[in-house]
Amino acid sequence: MKPDPEDLYRRMARARFCEEALADLWERGLISGEMHLVVEEAVAAGVVAHLVEGDAMALDHRSTPPLVARGIDLLPLFLEMLGHEDGLCGGRGGHMHLFCRELLSASSGIVGSSAPLGAGFAVAAQYLKAGRVAVSFFGEGAFNQGMLLETLNLAAAWRLPLVLVCKDNRWAITTRSRSVTGGNLLRRARSFGIPARRVDGTRVDKVWEAAAWAVGRARAGRGPSFILASCPRMEGHFLGDPLLRVFREPLRQTMEIGPPLMRALLSKPVSAAAHRLPRLGAIGRTLTVLGAERCLLKKDPLRRSASLLGEEARRRIEEEARREVQEAVERALWEAGRGGPHA
Ligand SMILES: Cc1ncc(C[n+]2csc(CCOP(=O)(O)OP(=O)(O)O)c2C)c(N)n1
Ligand SMILES: [Mg+2]
């Protein structure tokens, strides 16, 4: 079996354009709360391309791209983001708590919970639907959660048809994951008796190959597998992330952040300056690392995957995907009474 570059690119383009549309709606104040974007479409598309009806997905706080890449109906998705009662979850879930019955998929903002949730789906598949599998997506930060380690243990002991996909973007909000992680994640999975592979998460063809292996094992009743996909963090933790804003508009942000930082440093000491200075140094170092990563790691997965296609195919697929997303957004805005050309 070989990957179909057009199919994979279509899945990725739909996911990317949906996220761009969500960012736009959020910037316009039409979506309330935090908004976590992903820009990890290669992982989403490469994995979900192997799923069939009856397979399940357990998702984390970055749940939109796997759903979109798998072909979710866009109108109820956007209505959900707008808080409308005709949304996917009656407008009450928002982007972090989505449930889609057709795709047997659920997401949660509780970091790490997609692992036990996926295991639950996998137990159900084992009992009720032989040959069906479950996939859990989670970040490398989540991999330090106890419930995730407990899931690895039971998944191995019960030979669950579960594919565990860890998206390693090296950060958990503002914490460098390396600074709070013991050992090596691949070896950690293997120590439970779970076969594990590392893959470049910006290369959809490579992700597709790793997922073919993992999903194939699960379907054949050979138990769980672990995929560690490295994904540079192209966006901040959430939209409007102040750390990232510093790099987008350095002058304005420095003028905004500088005075309160100086006030904090010079104000009547609650803690001694000797304690504050190192904390300021830590903020500075975090900013430096983030800045260096942004300069060095410009590996946009969509652009990288475009090289697998001819120019004509790329343009055609992007046009179709853009049109589809735009129509869904306009329709959703109209139904939610927020304007759009249907009004
Ligand atoms: C149980 C729990 N603890 C903490 C949080 C706050 N939180 C939200 S996202 C996040 C970082 C997760 O890092 P990672 O799993 O690597 O995912 P990423 O955001 O990098 O994609 C944290 C700590 C949470 N939502 N749930
Ligand atoms: Mg992370």
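This is a selection-by-selection walk through a predicted model, starting at its ligands and ending at two residues of the chain.

**Ligand 1**

Select ligand 1 and expand to the residues around it. There are 15 of them, and His61, Arg62, Gly109, Gly141 and Trp171 come nearest. Coloured by class, this shell splits into six nonpolar, seven polar and two charged residues.

Next, show the oxygen atoms of ligand 1 and look for polar protein atoms beside them. A backbone N or O atom of Trp171 is 2.7 Å from one oxygen atom of the ligand. On Asn169, a polar side-chain atom is 2.9 Å from an oxygen atom of ligand 1. For Glu140, the corresponding distance from a polar side-chain atom to a ligand oxygen is 3.1 Å. Taken on its own, ligand 1 has 580 Å² of accessible area, and the protein covers 73% of it.

**The magnesium ion**

Keep Glu140, Asn169 and Trp171 selected and add ligand 2, the magnesium ion. Which protein atoms act as its donors? Glu140 appears twice, each time through an OE atom, Asn169 gives OD1, and Trp171 gives its O atom. These protein donors lie 2.1 to 2.5 Å from the ion.

Now check the angles at the metal. Why is the arrangement irregular? The six donor atoms around the magnesium ion subtend angles of 52 to 175°, whereas an octahedral label for six donors requires opposite donors over 155 degrees apart and all others between 65 and 115.

Switch to a cartoon view and find the donor residues along the chain, where their spacing reads E-x28-N-x1-W. Glu140 sits in the loop between strand S4 (134-139) and helix H6 (146-157), and Asn169 in the loop between strand S5 (162-168) and strand S6 (171-172), so the two tie together parts that are 29 residues apart in sequence. Both Glu140 and Asn169 are buried.

**Gln145**

Stay in the loop between S4 and H6 and select Gln145. Is Gln145 buried or partly exposed? With a relative accessibility of 31%, Gln145 counts as partly exposed. For a distance across the model, pick the C-alpha atoms of Gln145 and Glu53: they are 30 Å apart, with the two positions 92 residues apart in numbering along the chain.

**Lys167**

Finally, move to strand S5 and select Lys167. Its relative accessibility is 7%, so Lys167 counts as buried. What does the side chain of Lys167 contact? Display Asp60 as well: the two side chains make a polar contact at 2.8 Å.

Conventions:
Residues numbered from 1 in each chain as written. Chains lettered and ligands numbered in written order. Predicted model: local features only at pLDDT ≥ 70, side-chain atom pairs only at ≥ 80, totals over all residues. Heavy atoms only, no water. Near = heavy atom within 4 Å. Polar contact = N/O pair within 3.5 Å; in protein donor to acceptor, adjacent residues only side chain to side chain. Areas by Shrake-Rupley, 256 points an atom, 1.4 Å probe, with all protein chains shown as cover. Nonpolar A, V, L, I, M, F, W, Y, C, P; charged D, E, K, R; others polar. Donors = N, O, S within 2.8 Å, 3.2 Å for Na, K, Ca; no water. Tetrahedral: all angles 85-135°; square planar, octahedral: opposite > 155°, others 65-115°. Helix = DSSP H or I, 4+ residues; strand = E, 2+ residues; numbered from the N terminus. Buried < 20%, exposed > 50% of the residue type's maximum accessible area, 1.4 Å probe, protein only.
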